[in-house]
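Biologist: I should like to go through this structure with you, element by element. Please show the sequence and the model before we begin.

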Amino acid sequence: MGEQLSPEEKFSLITRNLQEVLGEEKLKQILQERELKVYWGTATTGKPHVAYFVPMSKIADFLKAGCEVTILFADLHAYLDNMKAPWELLELRVQYYEQVIKAMLESIGVPLEKLKFVKGTDYQLSREYTLDVYRLSSMVTEHDAKKAGAEVVKQVEHPLLSGLLYPGLQALDEEYLKVDAQFGGVDQRKIFTLAEKYLPSLGYTKRIHMMNPMVPGLTGTKMSSSEEESKIDLLDKKDDVKKKLKKAFCEPGNIQNNGILSFVKHVLFPLSSEFVIKRDPKWGGDKVYTSYEEVEKDFAEEQIHPGDLKASVEVALNKLLDPIRKKFETPELRKLTSQAYPEPTKSKFAAKGNPKNATEEDDIVPSRLDLRVGKVISVEKHPDADSLYLEKIDVGEEQPRTVVSGLVAYVSQEELQDRLVILLCNLKPQKMRGIESQAMLLCASVEGDPRRIEPLDAPEGSAPGDRVYVEGFESGKPDDELKPKKKVFEKLQVDLKISDECIAQWKEKDLMTKLGKITCKTLKGGNIS
């Protein structure tokens with residue numbers, strides 16, 4: 001089809017529904033001369049879910065426009081990103097991703113023979129690539145590397161060096177894959193600008209960067225659910241799809257952060273010229289839409305009921321998922337799935353005297369954290385450190401606890417005084433500039449320039465000492481004291497995040513008290529520490 005389109009038509013198809021393109025003029029120039037070479041990469045970490053149809057439908061656009069498309073299975077990146085994929089599972093995860101991505105592309109009618117599939121470690125361990133990593137590391141500052149990966153690499157209090165290497169490797173991939181452009185989500189923008197800044201310093205060409213908007217998930221965080229309920233897996237049964245869609249946030253007339261509408265816009269319409277709203281004849285019967293704008297307008301004016309929209313998306317989504325489910329019914333792919341994503345098992349190394357305690361000690365679960373609501377009774381500057389506050393905080397005990405926190409640059413004394421906060425109370429007390437801190441005040445943070453920090457908020461009506469727990473882990477008993485060598489909090493902390501609804505979560509499960517959810521004011525997508 002690409003050969004029948006003019007350069008202008010190709011440009012329109014390539015850029016439709018994108019949020020931003022860096023290098024538009026260069027893109028137009030290449031299309032006047034030849035076909036565009038573009039790549040999309042995915043780190044082989046957790047199981048791909050239905051949101052992956054968004055980049056897949058864009059890849060279909062690229063192929064219709066005649067582009068030469070490469071899909072990179074970034075296995076080394078998966079390991080570097082805080083070891084999201086264990087080394088021993090890398091090859092199995094790549095095999096799973098290759099099978100499921102190909103099945104997705106086939107389900108939307110993309111001819112696989114027009115695509116090139118590459119595994120990162122096929123070239124990223126070569127002598128030439130490794131030398132370029134060293135060359136790049138001699139140029140990129142720690143600040144630039146951390147800033148580039150802030151929205152992609154998992155952010156933790158004590159980041160590993162591997163996470164700082166991640167953005168540079170992604171930049172080098174553009175050269176080693178010999179492409180004109182890289183495609184990704186707008187969350188990758190800082191990595192793209194790092195590539196534009198540093199690749200020319202190595203003597204390599206600056207590439208074009210094309211970015212999808214970050215579309216909300218089909219099932220948003222507005223519902224109270226476990227992690228399993230929060231995403232629609234590509235292999236979910238039809239009953240599970242129905243159940244999850246029923247729980248999806250889809251407020252009548254609300255077109256903001258509506259994952260159902262986003263799926264219609266970014267997946268269904270690019271793949272088909274029409275979308276059918278299925279409804280009972282007494283409510284007007286089925287209605288065929290030929291543009292997304294018509295759907296959005298009718299939904300905003302409440303001419304489309306959320307239940308009808310969900311039911312119609314359910315039909316369309318199951319049509320996409322059916323061939324994927326069928327492919328993965330084979331014994332070979334069932335085995336691959338279980339090998340690539342084994343069920344977590346409890347430790348086999350139980351202590352002779354008390355095996356139960358040994359198992360509990362080895363399990364890294366959030367119920368081991370003693371999280372409580374506290375009230376700041378007093379706050380003053382640390383006598384020996386300008387960046388630290390010295391606080392007295394009531395946590396429901398006979399005496400208030402002394403807490404030292406590094407919030408001077410981010411939160412005023414007036415904001416802290418008398419406010420409710422969330423504390424981790426079973427860390428081993430440690431001295432901070434001569435004063436022992438007996439708990440950690442938990443905050444949301446967003447990296448950047450400047451860095452932003454906000455203390456977490458307890459539900460209205462909370463009292464000092466109220467227990468804070470992770471949904472689904474209400475019954476566990478906290479450790480008396482977290483042993484520093486075990487790094488229990490550090491291991492749990494990598495999955496503590498702020499949702500798009502400003503709700504504190506661990507692995508997408510809400511942090512709660514008996515009165516409701518723990519939140520922050522504004523730092524959507526932030527980390528918690």
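Modeller: I propose to start with helix H6, where the face turned away from the buried side carries the exposed residues Arg127 and Tyr134. Helices (H or I, at least four residues) and strands (E, at least two) are DSSP runs, numbered from the N terminus. Buried means under 20% relative accessible area, exposed over 50%, and partly exposed in between (1.4 Å probe, protein chains only). This is a predicted model in which local features need pLDDT of at least 70 and side-chain atom pairs count only at pLDDT 80 or more, while totals for chains, interfaces and linings use all residues. Residues are numbered from 1 along each chain as its sequence is written, and side-chain values use heavy atoms, with hydrogens and water left out.

Biologist: Which residues of helix H6 are buried?

Modeller: Helix H6 covers residues 127-137, and its buried residues are Tyr129, Asp132, Val133 and Leu136. They cover an arc of only 105 degrees around the axis, taken from the directions from the helix axis to the C-beta atoms, which puts them on the same side of H6. What covers these buried residues includes helix H8 (161-176) and helix H9 (189-198). The residues asked for are therefore Tyr129, Asp132, Val133 and Leu136, on one side of H6.

Biologist: Is helix H12 largely enclosed by the rest of the structure or largely open, and why?

Modeller: The buried residues of H12 include Gly259, Ile260, Phe263 and Pro270. They pack against several elements, among them helix H3 (53-64), helix H11 (238-247) and helix H14 (306-327). Because eleven of the 13 residues of H12 are buried, H12 is largely enclosed by the rest of the structure.

Biologist: Where is the kink in H12 centred?

Modeller: Helix H12 (residues 259-271) reaches 17 Å from its first C-alpha to its last, close to the 18 Å expected (1.5 Å times one less than its number of residues). There is nevertheless a kink of about 30 degrees, the bend at a residue being the angle between axes fitted to the seven residues ending there and the seven starting there. The kink is centred on Lys265.

Biologist: Which residue has a side-chain oxygen that reaches the backbone nitrogen of Ile260?

Modeller: A polar contact is a pair of N or O atoms within 3.5 Å; within protein, one must be able to donate a hydrogen and the other to accept it, and residues adjacent in sequence count only if both atoms are side-chain atoms. At the start of H12, the side-chain oxygen in question comes to within 3.1 Å of that nitrogen. The residue is Asn258.

Biologist: Which residues have the most contacts inside the largest nonpolar core?

Modeller: A nonpolar core is a set of buried Ala, Val, Leu, Ile, Met, Phe, Trp, Tyr and Cys residues joined through side-chain atoms within 4.5 Å. The largest one has 74 residues, and its largest share, eight residues, comes from helix H5 (residues 90-107). A second, separate core of 31 residues includes Val152, Val153, Leu169 and Leu199. In the largest core, the residues with the most contacts are Leu36, Phe53, Ile59, Ile101, Met210 and Leu309.

Biologist: Is Leu234 buried or exposed?

Modeller: Leu234 lies in the loop between helix H10 (227-230) and H11. Contact means heavy atoms within 4.5 Å, and beyond four places in sequence Leu234 touches residues including Pro48, Phe53, Met104 and Leu321. At 0% relative accessibility, Leu234 counts as buried.

Biologist: Which backbone oxygen does the side chain of Arg419 reach?

Modeller: Arg419 is placed in the loop between helix H17 (413-416) and strand E12 (420-424). At 15% relative accessibility, this arginine counts as buried. At 3.3 Å, its side chain reaches the backbone oxygen of Leu456.

Biologist: What is the phi of Asn17?

Modeller: Most residues other than glycine have a negative phi, and most peptide bonds are trans. Asn17, in the loop between helix H1 (7-15) and strand E1 (20-22), counts as partly exposed at 29% relative accessibility. Its phi is positive, near 70 degrees.

Biologist: What is the omega of the peptide bond from Asp449 to Pro450?

Modeller: Pro450 is in the loop between strand E16 (443-446) and strand E17 (452-455). The bond from Asp449 to Pro450 is cis, with omega near 10 degrees.
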